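Thank you all for coming this morning. I would like to walk through one structure with you, slowly, and I will pause at a few questions along the way.

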Amino acid sequence: MNEVNENVTVNGARTRYEEFAAKNNETKAEKFIRLGEYRMNKAIDTIGRLEHLANRSAYEYTAEQVEAMFGALEKR
C-alpha cells in the first residue's frame, strides 16, 4: 500500500498542503505581516535597481529626467 503523508517536509521546507493550511488559518494580522514583508522586500530590491542607473559611464541623462523619475515615485 502506498500512503502519502501530506505533512512530510523535504529539506525542512513545507509541503504545499502545509502552506495552504497555514495561510488558510492565519489571522488578518499575520497575513498583513507575511504579505507586507514579502512586498516590502520586493519593492526595496526593485527600487535598489534604480541605483545602477546613476552610473554616468554607462548612461546619459538629464537632471529633469531624474526629477521626473523621482516625482513619479513620490506621486505613487
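**The pocket and its surroundings**

Let me begin with the residues that line the largest pocket, because sorted by class they comprise 10 nonpolar, 1 polar and 2 charged residues. Please keep in mind throughout that what you are looking at is a predicted model.

How much space lies in this largest pocket? The computed value is about 290 Å³, and the lining is made up of 13 residues, among which Leu50, Leu53, Val66, Met69 and Phe70 lie nearest the centre of the pocket. Two elements each give two or more residues to that lining, namely helix H2, which runs over 28-50, and helix H3, which runs over 63-75. Which of the elements gives the most? That is H3, with 5 residues in the lining.

Stepping back to the whole protein, we find 3 helices and 0 strands, so that a reading along the sequence gives the pattern α-α-α. Of the 76 residues in the protein, buried residues make up 3%.

One residue that I would like you to find is glutamate 26, which is placed in the loop between helix H1, covering 16-25, and H2. Is glutamate 26 buried or exposed? Its relative accessibility is 18%, and because buried means under 20%, glutamate 26 counts as buried. The side chain of glutamate 26 also has a partner, since it makes a polar contact with the side chain of arginine 34, at 2.6 Å.

Finally, let us turn to the aromatic rings. In general, a pair of aromatic rings is described by the distance of the centres and the angle of the planes. How many aromatic pairs does a search of the whole structure find? The search finds 0. There is, however, a ring with a charged residue over it: arginine 56 lies over the face of tyrosine 61, at 4.0 Å from the ring centre.

With that, I am happy to take your questions.

Key:
Residues are numbered from 1 along each chain as its sequence is written. This is a predicted model: local features need pLDDT of at least 70, side-chain atom pairs count only at pLDDT 80 or more; totals for chains, interfaces and linings use all residues. Side-chain values use heavy atoms; hydrogens and water are left out. On a 1 Å grid over the protein atoms alone, a cavity is a set of points where a 1.4 Å probe fits but cannot get out, and a pocket is an open set with protein on both sides within 12 Å along at least five of seven lines; lining residues have an atom within 4 Å of a point. Grid points are joined across faces, edges and corners, and a volume is the space filled by probe spheres set on the points. Helices (H or I, at least four residues) and strands (E, at least two) are DSSP runs, numbered from the N terminus. Rings of Phe, Tyr and Trp (its six-membered ring) pair if their centres lie within 6.5 Å; planes under 30 degrees apart count as stacked, over 60 as edge-to-face and the rest as tilted. A charge sits over a ring if NZ of Lys or CZ of Arg is within 6 Å of the ring centre and within 35 degrees of the ring normal. Buried means under 20% relative accessible area, exposed over 50%, partly exposed in between (1.4 Å probe, protein chains only). A polar contact is a pair of N or O atoms within 3.5 Å; within protein, one must be able to donate a hydrogen and the other to accept it, and residues adjacent in sequence count only if both atoms are side-chain atoms.
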